[in-house]
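Please open the model in a viewer and keep the selection panel at hand. The tour proceeds from one selection to the next and states what is to be found at each.

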Amino acid sequence: MRLSDLTRVAVYDVGGKRIGRLNDVRLVQDGPYVEGFGAGLRVAGFVAGSGRMGERLGFNRGGVDGPWLLKVFFLRLERRGRFVPWDKVARMENDAIHLSVSAAELRPFEPDE
Amino acid sequence: MKKILSITLGILTAIGGFVDIGDLVANAATGARFKMALAGVVLIGVLGIIVYAEMSGRVAAITGRPVFDLVRERLGPNAGGANLIASFIINLLTLCAELGGVALALSMIASVNYILLIPVAAFLVWIVIWKMPFERMEEMFGLLGLMLITFLVALFHLHPPWHELLHSASHPAIPKNETPFTFAYYAIALFGAAMTPYEVFFFSSGAVEEKWTVDDLNLNRANVYIGFPLGGLLSLSIMALTTVVFAPRMISVDTLPQVALPVALSVGKVGLGLLIIGIFAATFGAALETAMSSGYCVAQYFGWQWGKFVKPREAARFHVVMLAAIVATTLFALTGVDPVKVTEYSIVLSAAALPLTYFPILLISNDRHYMGDHVNGRVLNFLASIYMVIIAVVAVVTIPLMIITKAGA
Amino acid sequence: MLSGLPCSVDCHRVRRFIRRLSLVLAVIALLGAMTRCVPHPVGTTRTYASYKGKATTTAEGAVSAARTVLLMTHTAAKRNAFSSYTAMVIADAEDGISGLIGTFDSVQPPNAEADRLHERLDTLLSSALTNVQALRVAARRGVVAELAGRAGPLRSDVHKLQAFVDAHQ
Amino acid sequence: MTAARKLWAVLDIMDRQLIDRQDRFAGTVDDVELAVADDGTISVTALLAGPGVLARRMRFHRLGPWLERFARWAVPAESEDPARIPLGRVADIGSAIHLSLDHEDMATMATERWFRDNIIDHIPGSTDAAE
């Protein structure tokens, strides 16, 4: 499987409601040890949003800190996206990810996580 | 002397951007048509390129990542690829025009039809890229380009009515035989010339070529704060010269040799000779800048090895791209296209592509993961945001204006 | 519309395509409307007024080229320019004028009045072209210093062309 | 013990410059390979780089796989898939991604080598040091 097979895939909640597309994948370096690299990169979750470029410029998830005007604008866009922990994925199809929770139980990603 | 040599990157970048063939003529034409009414646009453009070139140089010094690398990284392969195609075409158009410009400058002395000199110019450009170390190259053409200061000397020597020039600049008015559309079109051409994307491609890649580090941030500032205002000053003195000499005679400017006429009138043969050397260096510098930018853009998008800091055989694709660009544009230039018209189009087209280049620079220079403590300050961000808005507006209105005014006719 | 209901990928694409297409069409229509507000130096024409406009633009262009040549001869007379450069400037002006003649002649005069206008301007333009040519030939032969002395006929062409512009504005 | 490092796959890894162990540019991260373990966890197994990978990611459904096959054929690499950089050969993920590999062994080098051998090496001066 490739990362590009996941990005932009449509995400549906437990009731079949479309909550957006997969924008980015959260990796945590606590996976099985890899010789030469250290602890492996485990997929911990993902952000589902509209899939537009404005939502993945790094204002919320990355380190971009300003300018104020752009930050206000794009943070609002990025905050529309919701973070889905990987254990909430019920099943994956070729062009769809189905969750085991409802959209209401999800919240935007907080940068401290 | 060593200090002067270390800011030649900024000087060459600015001269190649502000007073290359298209801008020499565009500045002269606006002076003759609108007097100094558009001088303010040049100042706005100078400040804009200072703001963004400083950021791109700082990012390059701290992270080693030049502009097109950032474009691909932050915009992804699709939007980044669209920018690549647009920038590459703009680079080629400009390169084609500059080769014509180099040939024209040579033919002003050599009495040979300039078309015959185009292959010579192209070969010289290629051999410099192939053989000459980056620092030698920028020193040689940056310093020779300073001969363009003759424009300023010629202006002073004419004892122009400074008050009128200043008044015309500070109270911009559209002449009654011109429409607001043509006025806006020329404003965009001047703004686009000041902020042509190849300047930041070249400047930031040059910073990597010279192996700038975090210790070179002052050098970066010196390059930017001296180079670009100098380019703007030259641009304004051309405008003032034609305001004084051509506007009262109702002469409109459309060829490169015409631009030198006020200088010959004012300071004579010696001045004319120095000026032609300056024009040669500026167009040659711009040809180097655009030819190398075409290599930088493609190589950085795909992550290939690039740069003159390695042997050509270690950056084979980079050199092949540049060689192909030079060959293709030479053939195009040999068809006899008017170099001045070609750059006018390419400047205006590049105005439409500006946001895709400058936006990633603004993002990364604010990214703490990249820049640590060297992220933009508040004042800089305030200015940069204003320019982002200007750039976005310019990008939207450019092509419609070009169609409405039939390219400023 | 359908928003809120589940929609297949293709349906989204089609909608987006229609939106973009209508935007592009609107922009083209707007541009077409605005283009008519701007005077054009060349192209086809139906009325005498617009033909006169084109004639004036052409004459202005010729005045600009001819005055460039006069300024050049004045500069050259003071031995302020190389002969190769002088010849190049004059040759460019010559190309400019012959280009103007070509474009102007390609416009169809709409009526008899326009025919007379065409004839008058054509005479002025060809006289200017001949005189610029003569100066170019002299410059190529290197008699740069004497150019100013030979520029008399061109100077009177400029006066006539300028009078033509003033009379028809 | 410090907390485990956290990254965004698209934002922090995709499209970043690759740099080989001799500090030469070695392509960009054109895609990331993921594998599902028996317990259902998914982890990164390799970074992918090469024109074929990029073309496939950009949804060129014919061109992508064809270019990938071409790279496999053209690059006589130690590993069987030259477009694949196992995570174990990744030394550092920063503003660029540093590898403990030689770029000669990578898929991104197939065209580089062709142009070097067939064009650049035939021009005099191609091995002159620039500085």
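Select chain C and display its surface: about 9,300 Å² is exposed, and carbon and sulfur atoms supply 58% of that area. Accessible areas are obtained by the Shrake-Rupley method with a 1.4 Å probe, and for residues only the protein chains shown count as cover. The model is a predicted one, in which local features require pLDDT of at least 70 and side-chain atom pairs count only at pLDDT 80 or more, whereas totals for chains, interfaces and linings use all residues. For the selections below, residues are numbered from 1 along each chain as its sequence is written, chains are lettered from A and ligands numbered from 1 in the order in which they are written, and side-chain values use heavy atoms, with hydrogens and water left out.

Switch chain C to a cartoon. Chain C has 6 helices and 0 strands, and from the N terminus its elements read α-α-α-α-α-α. Helices (H or I, at least four residues) and strands (E, at least two) are DSSP runs, numbered from the N terminus. Of the 169 residues in chain C, 39% are buried; buried denotes under 20% relative accessible area, exposed over 50%, and partly exposed the range in between, with a 1.4 Å probe and protein chains only. Among the contacts in chain C between residues at least 6 apart in sequence, 74% join residues at least 24 apart, a contact being heavy atoms within 4.5 Å.

Keep chain C visible and add its surroundings. No contact joins chain C and chain D, and their closest C-alpha atoms lie 15 Å apart. Chain A and chain C likewise share no contact, with 7 Å between their closest C-alpha atoms.

Now select chain A alone. Its cartoon shows 2 helices and 6 strands, in the order α-β-β-β-α-β-β-β along the sequence. The C-alpha atoms of chain A fill a box of roughly 40 × 40 × 25 Å along the principal axes. For 113 residues, a compact globule would have a radius of gyration near 13 Å, and the 15 Å of chain A agrees with this. That radius is taken over C-alpha atoms, and the globule rule is 2.2 Å times the number of residues to the power 0.38.

Colour chain A by accessibility: 57% of its 113 residues count as buried. The exposed area of chain A is about 5,300 Å², of which carbon and sulfur atoms supply 50%. Of the contacts in chain A with a separation of 6 or more, 48% are between residues 24 or more positions apart. Next, mark the charged side chains of chain A: the mean positions of its 18 positive and 15 negative charges are 7 Å apart. Lys and Arg count as positive and Asp and Glu as negative, while His and the chain ends are not counted; each charge is placed at NZ of Lys, CZ of Arg, CG of Asp or CD of Glu.

Turn to chains B and D, which share the most contacts of the 4 pairs of chains in contact. With both displayed, select Tyr296(B), Trp306(B), Phe309(B), Phe318(B) and Phe25(D), which form one aromatic cluster.

Over all chains, the structure holds 29 aromatic pairs. Rings of Phe, Tyr and Trp (its six-membered ring) pair if their centres lie within 6.5 Å; planes under 30 degrees apart count as stacked, over 60 as edge-to-face and the rest as tilted. Which arrangement do Phe34(B) and Phe183(B) adopt? Their ring centres are 5.4 Å apart and their planes stand at 80°, so the pair is edge-to-face. Because Phe34(B) belongs to helix α3 (residues 21-34) and Phe183(B) to helix α10 (residues 180-194) of chain B, the pair ties together parts that are 149 residues apart in sequence. Phe34(B) is buried at 2% relative accessible area, and Phe183(B) is buried at 15%.

Finally, select Ala351(B) in helix α15 (residues 339-364) of chain B. Ala351(B) counts as buried, at 0% relative accessibility. Beyond its neighbours within four places in sequence, Ala351(B) is in contact with Ile188(B), Val394(B), Ala395(B) and Thr398(B).
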